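Thanks for making the time this morning. I would like to take you through one structure, going from helix packing to cavities and then to some details of the backbone.

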Amino acid sequence: MKAIQLEQPKAFREIDLPEPAQPGPGDAVVRVFRVGVCGTDYSGYLGKMPFFSYPRIPGHELGVEVVAVGDGVANVKPGDKAAVEPYINCQRCYSCARGHTNCCENHQTLGVHVDGGLRPLFTVPARKLHVSTKLSFEQLALVETLGIGLHAINRANPRADETVFVIGAGPIGLSVIEFAKLAGARIIVMDLNEQRLAFVREKMGVTETILSKGVLEDDVKTFTDLTNGKLGNVVVDATGSARSMVSAYNFVGFTGRLVWVGITQDPLTLTQPLMHRREMTFMASRNALSHEFTRIIRLIEGGMLNTNPWITHRAPMSDLIGVFPTWLKPEAGVVKAMVEVN
(Lines give C-alpha, C1' and ligand atoms only; values in the text may rest on other atoms or scores of the structure.)
Protein backbone atom coordinates (compact mmCIF):
# COMPACT_ATOMS: atom_id res chain seq x y z
CA MET A 1 0.00 0.00 0.00
CA LYS A 2 1.10 3.60 -0.63
CA ALA A 3 1.95 6.02 2.17
CA ILE A 4 3.28 9.57 2.38
CA GLN A 5 6.46 10.01 4.41
CA LEU A 6 8.14 13.23 5.48
CA GLU A 7 11.73 12.12 4.96
CA GLN A 8 13.21 15.37 6.30
CA PRO A 9 11.99 18.98 6.54
CA LYS A 10 10.40 20.12 3.28
CA ALA A 11 10.85 16.70 1.68
CA PHE A 12 7.82 14.44 1.28
CA ARG A 13 8.04 11.19 -0.65
CA GLU A 14 5.67 8.37 -1.52
CA ILE A 15 6.65 4.99 -0.08
CA ASP A 16 5.37 1.42 -0.25
CA LEU A 17 4.38 -0.41 2.93
CA PRO A 18 3.01 -3.89 3.59
CA GLU A 19 -0.54 -4.05 4.87
CA PRO A 20 -0.74 -4.59 8.64
CA ALA A 21 -1.00 -8.09 10.05
CA GLN A 22 -3.97 -9.27 12.07
CA PRO A 23 -4.18 -7.15 15.23
CA GLY A 24 -2.85 -8.50 18.50
CA PRO A 25 -4.63 -8.41 21.86
CA GLY A 26 -6.09 -5.00 22.62
CA ASP A 27 -5.35 -3.63 19.14
CA ALA A 28 -7.41 -2.76 16.08
CA VAL A 29 -6.60 -2.32 12.40
CA VAL A 30 -8.28 0.77 10.97
CA ARG A 31 -8.86 2.02 7.45
CA VAL A 32 -8.11 5.74 7.16
CA PHE A 33 -10.59 7.90 5.25
CA ARG A 34 -9.73 11.45 6.30
CA VAL A 35 -6.64 13.14 7.72
CA GLY A 36 -6.81 16.71 8.97
CA VAL A 37 -3.73 18.90 8.58
CA CYS A 38 -2.78 21.09 11.53
CA GLY A 39 -0.05 23.37 12.79
CA THR A 40 2.00 20.43 14.03
CA ASP A 41 2.15 19.07 10.48
CA TYR A 42 3.14 22.44 9.06
CA SER A 43 5.80 22.89 11.75
CA GLY A 44 7.10 19.39 11.13
CA TYR A 45 7.31 20.13 7.41
CA LEU A 46 9.27 23.32 8.14
CA GLY A 47 11.53 21.65 10.71
CA LYS A 48 10.21 23.80 13.57
CA MET A 49 8.34 21.22 15.66
CA PRO A 50 10.44 20.29 18.72
CA PHE A 51 8.89 16.83 19.19
CA PHE A 52 8.94 15.78 15.53
CA SER A 53 11.34 13.06 14.37
CA TYR A 54 12.28 12.06 10.82
CA PRO A 55 11.57 10.16 8.66
CA ARG A 56 7.92 10.12 9.68
CA ILE A 57 4.51 9.34 8.21
CA PRO A 58 2.44 12.33 9.42
CA GLY A 59 -1.22 12.38 10.26
CA HIS A 60 -2.83 12.49 13.70
CA GLU A 61 -6.26 14.05 13.03
CA LEU A 62 -8.03 10.97 11.77
CA GLY A 63 -11.45 9.75 10.68
CA VAL A 64 -11.28 5.96 10.34
CA GLU A 65 -13.27 2.75 10.06
CA VAL A 66 -12.43 -0.33 12.09
CA VAL A 67 -11.39 -3.27 9.88
CA ALA A 68 -10.35 -5.91 12.43
CA VAL A 69 -9.92 -6.24 16.19
CA GLY A 70 -7.68 -8.38 18.36
CA ASP A 71 -8.49 -10.49 21.37
CA GLY A 72 -9.99 -8.71 24.35
CA VAL A 73 -11.34 -5.74 22.39
CA ALA A 74 -14.90 -4.88 23.42
CA ASN A 75 -15.24 -1.13 22.79
CA VAL A 76 -15.17 -1.33 18.96
CA LYS A 77 -16.04 -3.82 16.23
CA PRO A 78 -15.39 -4.07 12.49
CA GLY A 79 -17.44 -1.51 10.60
CA ASP A 80 -17.42 1.10 13.37
CA LYS A 81 -16.55 4.66 12.38
CA ALA A 82 -14.29 6.42 14.87
CA ALA A 83 -12.09 9.35 15.74
CA VAL A 84 -8.59 8.43 16.83
CA GLU A 85 -7.09 9.71 20.06
CA PRO A 86 -3.51 9.83 18.76
CA TYR A 87 -1.72 10.14 22.11
CA ILE A 88 -0.26 6.71 22.84
CA ASN A 89 0.41 6.45 26.57
CA CYS A 90 2.16 3.70 28.52
CA GLN A 91 -0.52 3.29 31.26
CA ARG A 92 2.27 2.62 33.80
CA CYS A 93 4.06 5.88 34.62
CA TYR A 94 3.22 8.30 37.44
CA SER A 95 1.31 10.66 35.10
CA CYS A 96 -0.81 7.85 33.67
CA ALA A 97 -1.51 6.46 37.14
CA ARG A 98 -2.98 9.84 38.14
CA GLY A 99 -5.13 10.11 35.01
CA HIS A 100 -2.89 12.58 33.17
CA THR A 101 -2.59 10.37 30.11
CA ASN A 102 -1.98 13.41 27.90
CA CYS A 103 1.31 13.91 29.74
CA CYS A 104 2.50 10.30 29.81
CA GLU A 105 6.21 10.21 30.61
CA ASN A 106 6.67 7.80 27.69
CA HIS A 107 4.24 9.61 25.43
CA GLN A 108 4.17 9.04 21.68
CA THR A 109 1.88 10.94 19.34
CA LEU A 110 0.89 9.33 16.07
CA GLY A 111 2.38 11.22 13.15
CA VAL A 112 4.93 12.99 15.37
CA HIS A 113 6.92 10.49 17.47
CA VAL A 114 5.68 7.40 15.59
CA ASP A 115 4.11 6.93 12.18
CA GLY A 116 0.63 8.31 11.68
CA GLY A 117 -2.30 8.12 9.34
CA LEU A 118 -1.21 9.17 5.87
CA ARG A 119 -1.60 5.55 4.76
CA PRO A 120 -4.68 3.44 4.02
CA LEU A 121 -4.38 1.00 6.95
CA PHE A 122 -2.57 0.87 10.26
CA THR A 123 -2.78 -0.67 13.73
CA VAL A 124 -3.72 1.32 16.83
CA PRO A 125 -4.63 0.44 20.43
CA ALA A 126 -8.39 -0.07 20.35
CA ARG A 127 -8.79 1.98 23.54
CA LYS A 128 -7.78 5.02 21.47
CA LEU A 129 -10.82 4.78 19.20
CA HIS A 130 -13.91 6.90 19.87
CA VAL A 131 -16.95 5.64 17.99
CA SER A 132 -19.80 7.64 16.50
CA THR A 133 -22.74 6.29 14.53
CA LYS A 134 -23.68 9.76 13.30
CA LEU A 135 -20.57 11.74 12.35
CA SER A 136 -18.90 11.81 8.95
CA PHE A 137 -15.25 10.89 8.54
CA GLU A 138 -14.42 14.59 8.14
CA GLN A 139 -16.17 15.45 11.38
CA LEU A 140 -14.36 12.60 13.14
CA ALA A 141 -11.05 13.93 11.83
CA LEU A 142 -11.83 17.32 13.43
CA VAL A 143 -12.31 15.89 16.92
CA GLU A 144 -8.60 15.93 17.80
CA THR A 145 -8.20 19.60 16.86
CA LEU A 146 -11.23 20.47 18.94
CA GLY A 147 -9.80 18.43 21.80
CA ILE A 148 -6.75 20.69 21.96
CA GLY A 149 -8.99 23.71 22.44
CA LEU A 150 -11.25 22.00 24.94
CA HIS A 151 -8.31 20.89 27.07
CA ALA A 152 -6.87 24.43 27.06
CA ILE A 153 -10.21 25.87 28.17
CA ASN A 154 -10.59 23.18 30.80
CA ARG A 155 -7.17 24.15 32.14
CA ALA A 156 -8.26 27.77 32.55
CA ASN A 157 -11.87 27.00 33.55
CA PRO A 158 -13.39 30.38 32.57
CA ARG A 159 -16.70 31.50 34.05
CA ALA A 160 -19.58 33.15 32.26
CA ASP A 161 -18.74 36.52 33.88
CA GLU A 162 -15.13 36.47 32.67
CA THR A 163 -13.30 37.65 29.54
CA VAL A 164 -11.29 35.19 27.47
CA PHE A 165 -8.69 36.73 25.17
CA VAL A 166 -7.56 34.39 22.39
CA ILE A 167 -4.32 35.28 20.65
CA GLY A 168 -4.08 33.54 17.29
CA ALA A 169 -7.06 32.62 15.12
CA GLY A 170 -5.66 29.52 13.44
CA PRO A 171 -7.33 26.12 13.91
CA ILE A 172 -6.20 25.76 17.54
CA GLY A 173 -7.34 29.27 18.38
CA LEU A 174 -10.68 28.52 16.72
CA SER A 175 -11.07 25.38 18.81
CA VAL A 176 -10.38 27.42 21.95
CA ILE A 177 -13.06 29.89 20.86
CA GLU A 178 -15.63 27.11 20.43
CA PHE A 179 -15.36 26.05 24.06
CA ALA A 180 -15.01 29.54 25.47
CA LYS A 181 -18.36 30.20 23.79
CA LEU A 182 -19.89 27.13 25.46
CA ALA A 183 -18.58 28.43 28.80
CA GLY A 184 -20.57 31.62 28.21
CA ALA A 185 -17.53 33.88 28.55
CA ARG A 186 -16.97 37.12 26.71
CA ILE A 187 -14.49 36.45 23.91
CA ILE A 188 -12.03 38.81 22.24
CA VAL A 189 -9.71 37.52 19.51
CA MET A 190 -6.48 38.99 18.17
CA ASP A 191 -4.53 38.02 15.08
CA LEU A 192 -2.18 39.55 12.52
CA ASN A 193 -4.35 38.28 9.67
CA GLU A 194 -7.57 40.15 8.90
CA GLN A 195 -8.85 37.26 6.79
CA ARG A 196 -8.75 34.99 9.84
CA LEU A 197 -10.48 37.61 11.98
CA ALA A 198 -13.20 37.97 9.37
CA PHE A 199 -13.75 34.20 9.61
CA VAL A 200 -14.06 34.53 13.40
CA ARG A 201 -16.68 37.26 13.05
CA GLU A 202 -18.66 35.87 10.12
CA LYS A 203 -18.52 32.13 10.75
CA MET A 204 -18.12 31.89 14.52
CA GLY A 205 -20.18 34.86 15.61
CA VAL A 206 -17.44 36.48 17.73
CA THR A 207 -17.70 40.17 16.99
CA GLU A 208 -14.89 41.60 19.11
CA THR A 209 -11.58 41.26 17.31
CA ILE A 210 -8.26 43.09 17.26
CA LEU A 211 -6.10 43.26 14.15
CA SER A 212 -2.59 43.35 15.59
CA LYS A 213 -0.04 45.58 13.88
CA GLY A 214 2.77 43.85 15.72
CA VAL A 215 3.30 46.72 18.18
CA LEU A 216 2.74 45.43 21.72
CA GLU A 217 1.98 48.80 23.30
CA ASP A 218 -0.73 49.54 20.74
CA ASP A 219 -2.31 46.09 21.10
CA VAL A 220 -2.34 46.35 24.90
CA LYS A 221 -3.96 49.79 24.72
CA THR A 222 -6.66 48.54 22.33
CA PHE A 223 -7.40 45.58 24.58
CA THR A 224 -7.34 47.75 27.69
CA ASP A 225 -9.88 50.10 26.13
CA LEU A 226 -12.15 47.21 25.09
CA THR A 227 -12.17 45.80 28.62
CA ASN A 228 -12.40 49.13 30.48
CA GLY A 229 -8.99 48.51 31.99
CA LYS A 230 -9.78 45.04 33.35
CA LEU A 231 -7.79 43.09 30.71
CA GLY A 232 -8.24 39.34 30.42
CA ASN A 233 -9.35 36.92 33.11
CA VAL A 234 -8.10 34.19 30.79
CA VAL A 235 -5.56 34.70 28.01
CA VAL A 236 -4.86 31.80 25.66
CA ASP A 237 -1.92 32.08 23.30
CA ALA A 238 -2.45 29.71 20.38
CA THR A 239 0.21 31.10 18.06
CA GLY A 240 3.28 28.97 18.66
CA SER A 241 5.26 32.21 18.20
CA ALA A 242 7.84 32.90 20.88
CA ARG A 243 7.41 36.63 20.38
CA SER A 244 3.67 36.40 20.95
CA MET A 245 3.96 33.92 23.82
CA VAL A 246 6.45 36.06 25.70
CA SER A 247 4.22 39.13 25.27
CA ALA A 248 0.94 37.45 26.16
CA TYR A 249 1.16 38.07 29.90
CA ASN A 250 0.81 41.80 29.26
CA PHE A 251 -2.87 41.13 28.45
CA VAL A 252 -3.55 39.23 31.69
CA GLY A 253 -5.51 41.12 34.33
CA PHE A 254 -5.22 40.89 38.11
CA THR A 255 -5.40 37.24 39.29
CA GLY A 256 -5.83 36.18 35.68
CA ARG A 257 -4.70 32.97 34.01
CA LEU A 258 -2.43 32.60 30.99
CA VAL A 259 -2.52 29.38 28.99
CA TRP A 260 0.15 28.56 26.44
CA VAL A 261 -1.33 26.05 24.02
CA GLY A 262 1.15 26.78 21.22
CA ILE A 263 4.64 25.25 21.19
CA THR A 264 7.98 26.86 20.36
CA GLN A 265 11.60 25.77 20.44
CA ASP A 266 12.72 29.29 21.30
CA PRO A 267 13.38 30.50 24.87
CA LEU A 268 10.75 32.62 26.59
CA THR A 269 12.02 35.50 28.74
CA LEU A 270 9.50 37.24 31.01
CA THR A 271 9.68 40.28 33.28
CA GLN A 272 8.71 39.13 36.76
CA PRO A 273 7.36 42.26 38.55
CA LEU A 274 4.22 42.51 36.41
CA MET A 275 3.49 38.81 36.90
CA HIS A 276 3.92 39.16 40.66
CA ARG A 277 1.96 42.39 40.98
CA ARG A 278 -1.08 40.90 39.24
CA GLU A 279 -0.63 37.46 40.84
CA MET A 280 -0.98 35.69 37.52
CA THR A 281 -1.24 31.95 37.01
CA PHE A 282 0.72 30.49 34.08
CA MET A 283 -0.26 27.16 32.54
CA ALA A 284 0.81 24.97 29.66
CA SER A 285 -1.78 22.88 27.86
CA ARG A 286 -0.81 19.63 26.18
CA ASN A 287 -2.94 17.35 24.03
CA ALA A 288 -6.33 16.23 25.39
CA LEU A 289 -7.90 13.52 27.54
CA SER A 290 -10.12 10.62 26.53
CA HIS A 291 -13.25 12.04 28.17
CA GLU A 292 -12.73 15.26 26.19
CA PHE A 293 -12.89 13.31 22.92
CA THR A 294 -16.14 11.73 24.12
CA ARG A 295 -17.63 15.10 25.03
CA ILE A 296 -16.73 16.64 21.66
CA ILE A 297 -18.34 13.81 19.72
CA ARG A 298 -21.53 14.17 21.74
CA LEU A 299 -21.55 17.95 21.24
CA ILE A 300 -21.21 17.62 17.46
CA GLU A 301 -23.84 14.88 17.36
CA GLY A 302 -26.18 17.08 19.39
CA GLY A 303 -25.70 20.13 17.17
CA MET A 304 -23.89 22.14 19.85
CA LEU A 305 -20.75 22.40 17.70
CA ASN A 306 -21.02 23.34 14.03
CA THR A 307 -18.11 21.90 12.07
CA ASN A 308 -19.38 23.03 8.64
CA PRO A 309 -17.28 26.21 8.33
CA TRP A 310 -14.02 24.60 9.40
CA ILE A 311 -12.87 22.71 6.30
CA THR A 312 -11.76 25.17 3.63
CA HIS A 313 -9.38 23.01 1.56
CA ARG A 314 -9.38 19.38 0.44
CA ALA A 315 -7.02 17.18 -1.56
CA PRO A 316 -6.64 13.47 -2.30
CA MET A 317 -3.56 11.85 -0.80
CA SER A 318 -2.17 11.36 -4.31
CA ASP A 319 -1.98 15.17 -4.72
CA LEU A 320 -0.69 16.00 -1.24
CA ILE A 321 3.03 16.30 -2.01
CA GLY A 322 2.39 18.96 -4.62
CA VAL A 323 -0.35 20.89 -2.86
CA PHE A 324 0.95 20.88 0.73
CA PRO A 325 3.42 23.81 0.32
CA THR A 326 0.64 25.99 -1.09
CA TRP A 327 -1.39 25.54 2.10
CA LEU A 328 1.38 27.28 4.03
CA LYS A 329 0.86 30.56 2.19
CA PRO A 330 -1.28 33.11 4.08
CA GLU A 331 -3.01 34.15 0.88
CA ALA A 332 -4.33 30.58 0.50
CA GLY A 333 -6.76 31.31 3.34
CA VAL A 334 -6.51 27.83 4.81
CA VAL A 335 -8.49 27.29 8.00
CA LYS A 336 -8.45 23.51 7.97
CA ALA A 337 -7.19 21.33 5.12
CA MET A 338 -8.43 17.75 4.81
CA VAL A 339 -6.69 14.90 3.02
CA GLU A 340 -8.87 12.23 1.42
CA VAL A 341 -7.11 8.88 1.83
CA ASN A 342 -9.84 6.56 0.53
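Let me begin with a term: a crossing of two helices is called right-handed if the near helix is turned clockwise from the far one by less than a right angle, and left-handed if it is turned anticlockwise. With that in hand, and keeping in mind that what you see is a predicted model, we can look at H4, which spans residues 171–182, and H5, which spans 194–204. H4 passes H5 in a right-handed crossing, and the axes of the two helices come within 12 Å and cross at roughly 35°. The residues that meet there are Leu174, Ile177, Glu178 and Lys181 on the H4 side, and Phe199, Val200 and Met204 on the H5 side. By class, this contact of H4 with H5 divides into five nonpolar and two charged residues, with no polar ones.

H4 also has a second helix to deal with, namely H3, residues 137–156. Here the axes are 7 Å apart and the packing angle is about 55°. Angles from 35 to 65 degrees fall between the roughly parallel and the roughly perpendicular ranges, and H3 and H4 are therefore oblique to each other. This crossing, too, is right-handed. From H3 the contact takes Thr145, Leu146, Ile148, Gly149, Leu150, Ala152 and Ile153, while H4 brings Pro171, Ile172, Ser175, Val176, Glu178, Phe179 and Ala180. Sorted by class, these are 10 nonpolar, three polar and one charged residues. If you have the model open, you may want to pick out Glu178, which appears in the contact of H4 with H3 and also in the contact of H4 with H5.

Staying with H3, its packing against H9, residues 290–301, is at an angle of about 120°, with the axes 9 Å apart. The crossing of H3 and H9 is again right-handed. On the H3 side the contact is made by Gln139, Val143, Glu144, Leu146, Gly147, Leu150, His151 and Asn154, and on the H9 side by Glu292, Phe293, Arg295, Ile296, Ile297 and Ile300. Seven of these residues are nonpolar, four are polar and three are charged. Leu146 and Leu150 of H3 are listed here, in the contact with H9, and they are listed in the contact with H4 as well.

Let me turn to the cavities. How many cavities of 30 Å³ or more does a search of the whole structure find? The search finds two. The second largest, with a volume of about 40 Å³, brings us back to the helices we have just seen, in that H4 and H5 each supply at least two residues of its lining. The full lining consists of Ala169, Gly170, Pro171, Leu174, Arg196, Phe199, Val334 and Val335, which by class makes six nonpolar, one polar and one charged residues. Leu174 and Phe199, both part of this lining, are also among the residues through which H4 and H5 meet.

The largest cavity has a volume of about 70 Å³. Its lining is made up of Phe12, Val35, Gly36, Val37, Asp41, Pro58, Gly59, Leu118, Leu320, Phe324 and Val339. Strand S3, residues 27–37, and helix H10, residues 320–327, are the elements that give two or more residues to this lining, and S3 gives the most, with three. Eight of the lining residues are nonpolar, two are polar and one is charged.

Finally, a few points about the backbone. Most residues other than glycine have a negative phi, and most peptide bonds are trans. Against that background, the peptide bond from tyrosine 54 to proline 55 is cis, with omega near -10°, and proline 55 sits in the loop between helix H1, residues 39–46, and strand S4, residues 61–69. Two residues that are not glycine have a positive phi: threonine 255, at about 60°, and asparagine 287, at about 55°. Threonine 255 lies within strand S14, residues 252–260, whereas asparagine 287 is placed in the loop between strand S15, residues 281–284, and H9.

I will close with threonine 40, which belongs to helix H1. Its C-alpha atom is separated by 9.3 Å from that of glycine 111, 71 residues apart along the chain. Neighbours within four places in sequence aside, threonine 40 is in contact with Met49, Phe52, His60 and Val112.

Notes:
Residues numbered from 1 in each chain as written. Predicted model: local features only at pLDDT ≥ 70, side-chain atom pairs only at ≥ 80, totals over all residues. Heavy atoms only, no water. 1 Å grid on protein atoms, 1.4 Å probe; cavity = no way out; pocket = protein on both sides within 12 Å on 5 of 7 lines; lining within 4 Å. Points joined across faces, edges and corners; volume = space filled by probe spheres on them. Helix = DSSP H or I, 4+ residues; strand = E, 2+ residues; numbered from the N terminus. Nonpolar A, V, L, I, M, F, W, Y, C, P; charged D, E, K, R; others polar. Axes fitted to C-alpha atoms, helices over the stretch in contact; angles between N-to-C directions. Parallel < 35°, antiparallel > 145°, perpendicular 65-115°, else oblique. Contact = heavy atoms within 4.5 Å.
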